[in-house]
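Trainee: I have a new structure on my screen and would like to learn how to read it. Could you walk me through some of its features?

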Amino acid sequence: MDDFVSESDSDYTSYWRDWFISSRGNEYFCEIDEDYLTDRFNLTGLNTEVQYYQYALDLVTDVFDLDCDDEMRETIEKSARHLYGLVHARYIVTTRGLAKMLEKYKKADFGKCPRVNCHSHPLLPMGLSDIPNLKPVKLYCARCEDIYNPKSSRHAAIDGAYFGTSFHNILFQVYPTLIPAKSTERYIPRVYGFKVHAAAALVRWQNNRRDDMRRRLRKMEVESGFKEGDDIIEGDDDEEEEEEEVPEELEATPAVGGFAPGEMGSVA
């Protein structure tokens, strides 16, 4: 920012979008096409959301020529960043915007999933609200279908509304081949090499429930999203499926240090 303040007004305005995209902390944003910014239909309603809307738009579109003091310039600059973010949320769900974000996604510009069993799967930015100034941006992993906080404090300060709640879902709707296979790899708690009894019983129960679900989906010819190699034992389709109860081991029992009496070190 200081570099641009020291330049002339023409230099400052001519490179505003280039400066914004290249600034540290703005790596999640893609460049919005000028044609999109100059189409007033795409900006409908934003004049009530942004202070000094017209001046901010002029700055973003490189036609700003107002002679003002530094304090006023800083206020307009703040409004311009906010305006760009709001327009960005609309732009990235267009065909052109999705293509630009797809390129960044393929290069893992948004980071990689910290979950070990996701094997560094690339992340996508998303918002938890479409209303500005409510929730910061989060990162979504399509493999584990969970969300994470950005590592950098600069990125963590970005408003989630600048990406919206729908972008990541629309991307996978438009590019279904990008949807990764779901992994069944799970961490199994062990004590000196032995599975912790209660945790192992819970894992068995959850796996049985998952296999029942996959069996029903396969019967209905619905794609489950799991890897092809994760085969399940096919049961008799004519048999009536009974509701499986939670194992007695998982019912509430007095515990010491997180383990029920007699469970520590037992083999599942």
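Mentor: Happily! Let's begin with one pair of residues: tyrosine 140 has isoleucine 147, in β3, as its bridge partner. Please keep in mind that this is a predicted model.

Trainee: How many bridges join β2 to β3, and how do these strands run?

Mentor: Here is the general idea: strands of a sheet pair through backbone hydrogen bonds, either parallel or antiparallel. In this structure, β2 and β3 run antiparallel and are joined by 3 bridges. Cysteine 141 takes part too, with aspartate 146 in β3 as its bridge partner.

Trainee: What do β2 and β3 form, and how many residues lie between them?

Mentor: They form a hairpin, with 4 residues between the two strands. Look in the turn for glutamate 145, which has a positive phi of about 55 degrees.

Trainee: What is the order of the strands in the open sheet?

Mentor: The sheet has 3 strands in the order β1-β2-β3, and the pairing is antiparallel. β1 and β3 (146-148) are the edge strands, each pairing on one side only. From one strand to the next, the twist averages 40 degrees. Between β1 and β2 you can find 4 bridges, and proline 125 stands opposite leucine 139 in β2.

Trainee: Which residues of β2 are buried on each side?

Mentor: Lys138 and Tyr140 are buried on one side, Leu139 and Cys141 on the other, and thus both faces of β2 are covered. For the chain as a whole, 40% of the 268 residues count as buried.

Trainee: Now for a helix. Which residues of α9 are buried?

Mentor: First, the general idea: an α-helix has 3.6 residues a turn, so residues three or four places apart point the same way. In α9 (residues 167-174), the buried residues are Phe167, His168, Leu171 and Phe172. Seen down the axis of α9, they fall within an arc of 135 degrees, so they line one face of the helix.

Trainee: What covers the buried residues of α9?

Mentor: The cover includes α7 (95-106), β1 (123-126) and β2 (138-141). α9 lies across β1 and β2, and runs at about 130 degrees to β1.

Trainee: At what angle do the axes of α7 and α9 cross?

Mentor: Two packed helices are described by the angle between their axes and the distance between the axes. For α7 and α9, the axes cross at roughly 95 degrees and come within 11 Å. That makes α7 roughly perpendicular to α9. On the α7 side, the contact is made by Leu98, Met101, Leu102 and Tyr105; on the α9 side, by Phe167, Ile170, Leu171, Phe172 and Val174.

Trainee: I also see cysteines. How many disulfides does a search of the whole structure find?

Mentor: A disulfide is a covalent bond between the sulfur atoms of two cysteines. The search finds 0 disulfides in the whole structure. Cysteine 118, for instance, is in no disulfide, and the nearest cysteine sulfur, that of cysteine 144, is 3.7 Å away.

Trainee: Why does the sulfur of cysteine 141 form no bond with the closest cysteine sulfur?

Mentor: That closest sulfur belongs to cysteine 113 and is 3.6 Å away, which is too far for a bond. The cut-off is a distance within 2.5 Å.

Trainee: Is cysteine 118 buried or exposed?

Mentor: Cysteine 118 counts as buried because its relative accessibility is 0%. Cysteine 141 is buried as well, with a relative accessible area of 0%.

Notes: Residues are numbered from 1 along each chain as its sequence is written. This is a predicted model: local features need pLDDT of at least 70, side-chain atom pairs count only at pLDDT 80 or more; totals for chains, interfaces and linings use all residues. Side-chain values use heavy atoms; hydrogens and water are left out. Buried means under 20% relative accessible area, exposed over 50%, partly exposed in between (1.4 Å probe, protein chains only). The arc is that of the directions from the helix axis to the C-beta atoms. Contact means heavy atoms within 4.5 Å. Two strands pair if DSSP finds at least two bridges between them. Axes are lines fitted to C-alpha atoms, for helices over the stretch in contact, and angles run from 0 to 180 degrees between N-to-C directions. Angles under 35 degrees count as roughly parallel, over 145 as roughly antiparallel, 65 to 115 as roughly perpendicular and the rest as oblique.
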